[in-house]
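Open your viewer and set it to a cartoon view with side chains ready to switch on. We will go from one stop to the next, selecting as we go.

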Amino acid sequence: MSIVQTATEKMHSLPLEKQQEVLDFIEFLQSKLAQQNINQEQQEPISFLTAAQQLAGCVDGGPGDLATNKQYLEGLGSE
């Protein structure tokens, strides 16, 4: 016996209001699945290199190593 047949038989034993709840839940699952499919279609896979290119150089110009930056360390711990 298939899952659909088993579910149908069990659904017949439920009161009408509970049958409606089962139908509502099935429709909810269908809409959720459809939304996931839409989201997957909208996202084109890109490589890590392509994704990281927009971040390249974002830290240029800052102090290289703060531990050796004497001006940065002045007054540290005297607070």
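A salt bridge here is a side-chain nitrogen of Lys or Arg within 4 Å of a carboxyl oxygen of Asp or Glu. Before the first stop, note that this is a predicted model, where local features need pLDDT of at least 70, side-chain atom pairs count only at pLDDT 80 or more, and totals for chains, interfaces and linings use all residues. Residues are numbered from 1 along each chain as its sequence is written, and side-chain values use heavy atoms, with hydrogens and water left out.

Start with the whole chain: it has four helices and zero strands (DSSP runs numbered from the N terminus, H or I of at least four residues for helices, E of at least two for strands).

Next, select Lys 18 and Glu 21. They form a salt bridge, with the closest N and O atoms 3.4 Å apart, and the structure holds one salt bridge. Both residues lie in helix 2, three residues apart, about one turn of the helix. Glu 21 is partly exposed at 46% relative accessible area, and Lys 18 is partly exposed too, at 35% (buried is under 20%, exposed over 50%, partly exposed in between, with a 1.4 Å probe and protein chains only).

Now move to Phe 28, also placed in helix 2, which spans residues 16-42. Add Phe 25 and Leu 29 to see a nonpolar surface patch of about 300 Å² (residues with over 30% relative accessible area and no salt bridge, like charges joined within 9 Å, nonpolar side chains Val, Leu, Ile, Met, Phe, Trp and Tyr within 5 Å; areas by the Shrake-Rupley method with a 1.4 Å probe, only the protein chains shown counting as cover for residues). Phe 28 counts as partly exposed, at 45% relative accessibility.
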